Amino acid sequence: MTPVQLALWTVLGVALVISVVTDVLRREILDVVTYPLMGVALGVRFFSEGLGDLEHGVLS
């Protein structure tokens with residue numbers, strides 16, 4: 001596993017733990033966790049696969 005993959009899995013794990021805890025305690029998933037992770041996911045997809053088309057890349 002590369003350091004980048006390890007970092008991404010760690011960020012995902014922390015976000016999931018935060019989301020589960022806040023969902024169980026307050027019955028809500030925080031936008032502060034969700035929106036930045038969507039940006040990270042789109043950024044990683046863009047840098048790994050490019051803009052792409054309807055089957056591959058960010059446009060898919």
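A residue counts as buried under 20% relative accessible area, as exposed over 50%, and as partly exposed in between. Keep that handy for the exercises below, and remember that this is a predicted model.

**Exercise 1. Sort Arg27, Ser19, Ile29 and Leu16 into buried, partly exposed or exposed.**

Step 1. Start with Arg27: its relative accessibility is 75%, so it goes in the exposed bin.
Step 2. Ser19 has 14% relative accessibility, so this one is buried.
Step 3. Ile29 comes out at 48% and is therefore partly exposed.
Step 4. Leu16, at 49%, is partly exposed too, because the exposed bin needs over 50%.
Step 5. For the wider view, 8% of the 60 residues of the protein count as buried.

**Exercise 2. Work out which secondary structure elements the protein has, and how its radius of gyration sits against that of a compact globule.**

Step 1. Count the elements: you get two helices and zero strands.
Step 2. Place them: helix α1 covers residues 3–26, and α2 covers 31–49, with a loop between the two.
Step 3. Take the radius of gyration, which is 14 Å, where a compact globule of 60 residues would have one near 10 Å.
Step 4. Box it up along the principal axes, and the C-alpha atoms fill roughly 40 × 25 × 15 Å.
Step 5. Look at the contacts with a separation of 6 or more: 10% of them come from residues 24 or more positions apart.

**Exercise 3. Find out what the chain does over the residues that UniProt lists as "transmembrane region".**

Step 1. Get the range from the record: the unreviewed UniProt entry lists residues 6–25 under that name.
Step 2. Check the model over residues 6–25: the chain there is 100% helix and 0% strand.
Step 3. Take the end C-alpha atoms of that stretch, which are 29 Å apart.
Step 4. Now look for a nonpolar surface patch: Met1, Leu6, Trp9, Leu12 and Leu16 form one, with about 580 Å² of accessible area together.
Step 5. Leu16, one of the patch residues, lies in helix α1.
Step 6. For the protein as a whole, the accessible surface comes to about 5000 Å², and 71% of that belongs to carbon and sulfur atoms.

**Exercise 4. Walk through the loop between α1 and α2, and say what is unusual about the phi of Arg27.**

Step 1. Arg27 is in this loop, and its phi is near 55°.
Step 2. Most residues other than glycine have a negative phi. The positive value at Arg27, which isn't a glycine, therefore goes against that trend.
Step 3. Next, Arg26 and Glu28: they form a salt bridge, with the closest N and O atoms 3.6 Å apart. That passes, because the cut-off is 4 Å.
Step 4. The structure holds one salt bridge, and its Glu28 is partly exposed, with a relative accessible area of 37%.

**Exercise 5. List what Ile29 touches beyond four places away in sequence, then cross-check from Ser19.**

Step 1. Ile29, in the loop between α1 and α2, touches Ser19, Thr22, Asp23 and Thr34.
Step 2. Flip to Ser19, which is found in helix α1. Leaving out residues up to four places away, Ser19 touches Ile29 and Val33, so the Ile29 pairing shows up from this side as well.
Step 3. Finish with Trp9: 20 residues separate it from Ile29 along the chain, and their C-alpha atoms are 19 Å apart.

Note on methods. Residues numbered from 1 in each chain as written. Predicted model: local features only at pLDDT ≥ 70, side-chain atom pairs only at ≥ 80, totals over all residues. Heavy atoms only, no water. Helix = DSSP H or I, 4+ residues; strand = E, 2+ residues; numbered from the N terminus. Rg over C-alpha atoms; globule rule 2.2 N^0.38 Å. Buried < 20%, exposed > 50% of the residue type's maximum accessible area, 1.4 Å probe, protein only. Contact = heavy atoms within 4.5 Å. Areas by Shrake-Rupley, 256 points an atom, 1.4 Å probe, with all protein chains shown as cover. UniProt positions renumbered as here; feature names shortened; annotations may be inferred. Patch = residues over 30% accessible without salt bridge, like charges linked within 9 Å, V, L, I, M, F, W, Y side chains within 5 Å. Salt bridge = Lys/Arg side-chain N within 4 Å of Asp/Glu carboxyl O.
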